[in-house]
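Subject: Structure handover

Hi,

Here is the structure I promised to pass on. Have it open while you read, and my notes follow below.

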Amino acid sequence: MASDRKQKQSNSIPISFFDDEESRAAGDLEEARDDGGASRQDDPSEKESGATGEVRSRGEGGPAVAELVATRAELKRLQAELSEAKDALARRQADFDNYRKRIERERGEAYNRIVAEVAGKLLPVVDNLSRALEAERSVEAGESKEFRHFLHGVELISRQLNDVLESFGIQPIVAVGQRFDPHIHEAVVTEASEEYEPDTVISEMQRGYRIGDRLLRPALVKVAARTAVPDDEE
């Protein structure tokens, strides 16, 4: 009897009974767990889509920002090059202006130097013609007609020569009646005069000339001096 009971107990299977709703909920929960795990393991597209979605969201602004930074850097570089080009152009313009002024100054100096050399050879001729005319004018008017024609020809030659000198920019120095200026006058004689104030040019012995601001030769002049005071007045 005892052995029969043990055999019956060992062969018995425990059976549990559940309510229909509880069993259905437990089964659904179990299936959801199994399906969720399998979908997460078997469907890598969701992982990729999630990962790429995050990368895309982060990288959507990346190329635009990089392009903006590159554009700004290129703009700064171009602005710097433009500024350097403007500075270089300003320096080139200043150098060209200085070069042009220097060339013009050197050309003017060379012109004046050449003209001064030519005038230095012509001025003695002008002086001789002036002396000849002054000497011939002192002759009495009763000379022959031929002599008067000759004198008129000499006057024409002297006038033409003075016109040539003037065309080169050579101007005579005004002396008579001017106050003595040692920069353009050279006093040869001093003479006491009551008509002129002291240090005034009375007469011109040789005409002086200049070209522009350059003195070709000073005028040789006679200068008025202070008259002597009588002893009684002292």
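Asp-97 and Arg-100 form a salt bridge through their side chains, with N and O 3.9 Å apart. This is a predicted model, by the way, so please read every number here as computed from predicted coordinates. The two residues are 3 apart in helix H4, which puts about one helical turn between them. Both count as partly exposed: Asp-97 has a relative accessibility of 24%, and Arg-100 has 35%.

Further along my list there is another pair in H4. Arg-77 and Glu-74 meet in a salt bridge with an N to O distance of 2.3 Å, and again the spacing is 3 residues, or about one helical turn of H4. Arg-77 is partly exposed at 39% relative accessible area, and Glu-74 is partly exposed too, at 35%. This pair belongs to a network of salt bridges that links Glu-74, Arg-77 and Glu-81.

How many salt bridges does a search of the whole structure find? The count is 8. One that I'd look at is between Asp-199 and Arg-179, where the closest N and O atoms are 3.9 Å apart. Asp-199 sits in the loop between S2 and S3, while Arg-179 is in the loop between strand S1 (170-172) and S2, so this salt bridge ties together parts that lie 20 residues apart in sequence. Asp-199 is partly exposed, with a relative accessible area of 40%, whereas Arg-179 is exposed at 56%.

Now the sheets. Three strands make an open sheet in the order S2-S6-S3, and the pairing is mixed. Strand S2 (185-192) and strand S3 (201-206) are the edge strands; each has a single partner, so one side of each has no neighbour in the sheet. From one strand to the next the twist averages 30 degrees. S2 runs parallel to strand S6 (residues 219-225), and the two pair over 7 bridges. If you want a register marker, Ala-187 stands opposite Val-221 in S6.

Two residues are handy for finding your way around this sheet. Ile-202 belongs to strand S3 and counts as buried, with a relative accessibility of 15%. Beyond its neighbours up to four places away in sequence, Ile-202 touches Val-176, Glu-191, Ser-193, Tyr-196, Lys-222, Val-223 and Ala-224. Glu-191 is 11 residues from Ile-202 along the chain, and their C-alpha atoms are separated by 8.5 Å.

The other one is Lys-222, in strand S6. What does the side chain of Lys-222 make with that of Glu-191? A polar contact of 3.3 Å joins them. Setting aside residues within four places in sequence, the contacts of Lys-222 include Val-189, Thr-200, Val-201, Ser-203 and Met-205, along with Glu-191 and Ile-202.

There is also an open sheet of 3 strands in the order S1-S4-S5, with antiparallel pairing. Here S1 and strand S5 (214-217) stand at the edges with a single partner strand each, so one side of each is left without a neighbour. The twist averages 35 degrees from one strand to the next. S1 and S4 are antiparallel and pair over 3 bridges, with Pro-172 opposite Tyr-209 in S4.

Tyr-209 turns up again in the packing. The largest nonpolar core has 13 residues, and Val-126, Leu-165, Ile-170 and Tyr-209 have the most contacts inside it. Helix H4 (62-137), helix H5 (145-167) and strand S4 (209-211) each supply at least two residues of this core. Which of these elements gives the most? H4 does, with 6 residues. Val-126 is a good place to centre your view: leaving out residues up to four places away in sequence, Val-126 touches Leu-161, Asn-162, Leu-165 and Tyr-209. Apart from the largest core lies another of 5 residues, among them Ala-175, Val-201, Ala-219 and Val-223.

That's what I have for now. Shout if anything is unclear.

Cheers

Definitions and conventions:
Residues numbered from 1 in each chain as written. Predicted model: local features only at pLDDT ≥ 70, side-chain atom pairs only at ≥ 80, totals over all residues. Heavy atoms only, no water. Core = buried A, V, L, I, M, F, W, Y, C linked by side-chain atoms within 4.5 Å. Buried < 20%, exposed > 50% of the residue type's maximum accessible area, 1.4 Å probe, protein only. Helix = DSSP H or I, 4+ residues; strand = E, 2+ residues; numbered from the N terminus. Contact = heavy atoms within 4.5 Å. Pairing = 2+ DSSP bridges. Axes fitted to C-alpha atoms, helices over the stretch in contact; angles between N-to-C directions. Polar contact = N/O pair within 3.5 Å; in protein donor to acceptor, adjacent residues only side chain to side chain. Salt bridge = Lys/Arg side-chain N within 4 Å of Asp/Glu carboxyl O.
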